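Open the model in your viewer and keep the selection tool at hand. The stops below say what to select next and what is there.

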Amino acid sequence: MAGGNERSMRALKEVWKRPENSLCADCGKPDPDWASSTLGVFICLSCSGIHRNIPSISKVKSLKMDHWDDAQVQFLAKNGNAVTKATYEAHIPIYYYQPTYNDCQVLREQWIRAKYERKEFTEPGKQLPYSDGVKEGILWKRGRDNGQFLPRKFLLSEREGCLKYFTKQDAKEPKINVKIDVINATFQPEKIGNPNGLQITYLKDNKTRNIFVYHESGKEVVDWFNAIRSVQFHYLKVAFPIASDNEIKNRLTRNFLREGYMEKTGPKQKEAFKKRWFTLDHRRLMYFKDPLDAFAKGEVFVGSRENGYSVQKGLPSGTQGNFSWRYGITIVTPDREYLFTCETETDQLEWIKAFTSVINQAMTPQEYASKCLDYVSVPS
């Protein structure tokens, strides 16, 4: 009996060591140490918890702590991540967002359920709830003034190239009508306070507007997210006919590079530093009084190093403004310096890393055009 167990463990380790099984089959996290004995995939601990909630589809076991019999090991050897992906990920639409281990729970769970439970990607040309160019339904939207979430009708239309929402079900005219090419969507469960919280941002008069929504159903809110990406993809295919699918895919919805609190001072650098919520969305550094504000109080354009932009650790000597946080950051632009402070050294280093990643990238012609609005601000 002991010899049989040792033989199974050796065989299991051989399968486990295959290159295609070195990353989680669902989120790409390195060194997965769990597996599904019914699907034949190697997965990480976090994804194993999601699989465990779909017991009719997947049975999961630890590769280190649980016993695997010969038949189960042979099943893993016959399948594994590469073979299983070839079946369950055979026909993923180019615009469909495939989450990583850094993404939130609802995105990862719906990705796993879409693959194995609903089998959305096993057949070519399958009609999907986010692929027909129009989506209409109710989302709970946060009120700009009172902060309450109320049900609102939303309509996404590929034919019209826009997203609308209506304050009443029978309203004839929408409250907003936003062109699809200026929209971004990103999941924000912590900030919104709901596991299915989605932040929709769009540009109006070259200023960023935020809308915060959620839906009780994780599937429904992820369907909205991928429907936005689908409509954007087909819009951009028409607008940029010579661009490749991958080039267009990279222009769809994006996560913010970094968000969090910092302190800021005014242009004279003598004013007291004030705590504000900052969002870095590529070259737009926006600040808000509250993380759920609809409008930014100000924006700083972060250009490239070759155009005179840089980030420095610390504040200039002799900085006069009073500040309570001691970890300073200075953003240098061709026109002026912007001073910020962080509460911890970790925050300081993470912000510097994010700014550096932007500054090291060459600017596009479109970014040159937007540079004329280098800083837009109202009293903070």
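Throughout, buried means under 20% relative accessible area, exposed means over 50%, and partly exposed lies in between, with a 1.4 Å probe and protein chains only. This is a predicted model, in which local features need pLDDT of at least 70, side-chain atom pairs count only at pLDDT 80 or more, and totals for chains, interfaces and linings use all residues. Residues are numbered from 1 along each chain as its sequence is written, and side-chain values use heavy atoms, with hydrogens and water left out.

**Whole chain**

Start with everything selected. The protein chain has 10 helices and 18 strands; helices (H or I, at least four residues) and strands (E, at least two) are DSSP runs, numbered from the N terminus. Along the principal axes, the C-alpha atoms fill a box of roughly 80 × 55 × 45 Å. Of the 380 residues, 49% count as buried. The accessible surface is about 18900 Å², and carbon and sulfur atoms hold 50% of that surface; the areas come from the Shrake-Rupley method with a 1.4 Å probe, and for residues only the protein chains shown count as cover.

Contact means heavy atoms within 4.5 Å. Among contacts with a separation of 6 or more, 54% are between residues 24 or more positions apart.

For the charges, Lys and Arg count as positive and Asp and Glu as negative, while His and the chain ends are not counted. Each charge is placed at NZ of Lys, CZ of Arg, CG of Asp or CD of Glu. The mean positions of the 57 positive and 46 negative charges are 3 Å apart.

**The loop before β1, then S37 and I43**

Select D31, in the loop between α1 (2-16) and β1 (34-36). Its phi is near 60°, a positive value in a residue other than glycine. D31 is exposed, at a relative accessible area of 64%.

Go on to S37, in the loop between β1 and β2. S37 counts as buried at 15% relative accessibility. Leaving out residues up to four places away in sequence, S37 touches K59, K61, W68, Q72 and F75.

Next is I43 in strand β2 (residues 42-43). Is I43 buried or exposed? It is buried, with a relative accessible area of 0%. Beyond its neighbours within four places in sequence, the contacts of I43 include C24, D26, W34, H51 and V60. A distance label from I43 to G28, C-alpha to C-alpha, should read 8.5 Å, for residues 15 apart in sequence.

**Both ends of α3**

Select helix α3 (residues 70-78) together with D69: at the helix start, a side-chain oxygen of D69 comes to within 3.2 Å of the backbone nitrogen of A71. After α3 comes G80, with a positive phi near 80°.

**α5**

Select residues 105-117, helix α5. The helix has 13 residues and reaches 17 Å from its first C-alpha to its last, close to the 18 Å expected at 1.5 Å a residue; the expected span is 1.5 Å times one less than the number of residues. It is mostly covered, with 10 of its 13 residues buried. Among the buried ones are V106, L107, W111 and I112. What do the buried residues of α5 pack against? They pack against α2 (45-52), α4 (80-88), β8 (183-187) and α7.

Within α5, pick Q110, which is buried at a relative accessible area of 7%. Not counting neighbours within four places in sequence, Q110 is in contact with Y96, R118, G218, K219 and V222.

Just after α5, K119 takes a positive phi of about 50°. K119 lies in the loop between α5 and β4 (134-142) and is partly exposed, at 41% relative accessible area.

**α7**

Select helix α7 (residues 218-239): its 22 residues should span 32 Å at 1.5 Å a residue, and its end C-alpha atoms are 32 Å apart, which agrees. Of these 22 residues, 16 are buried, so α7 is mostly covered. At the start of α7, a side-chain oxygen of S217 reaches to within 3.3 Å of the backbone nitrogen of K219.

**Last stop: L349**

Finish at L349 in helix α9 (residues 345-359). L349 counts as partly exposed, at 42% relative accessibility. Its C-alpha atom is separated by 9.9 Å from that of G328, 21 residues apart along the chain.

Methods
A polar contact is a pair of N or O atoms within 3.5 Å; within protein, one must be able to donate a hydrogen and the other to accept it, and residues adjacent in sequence count only if both atoms are side-chain atoms.
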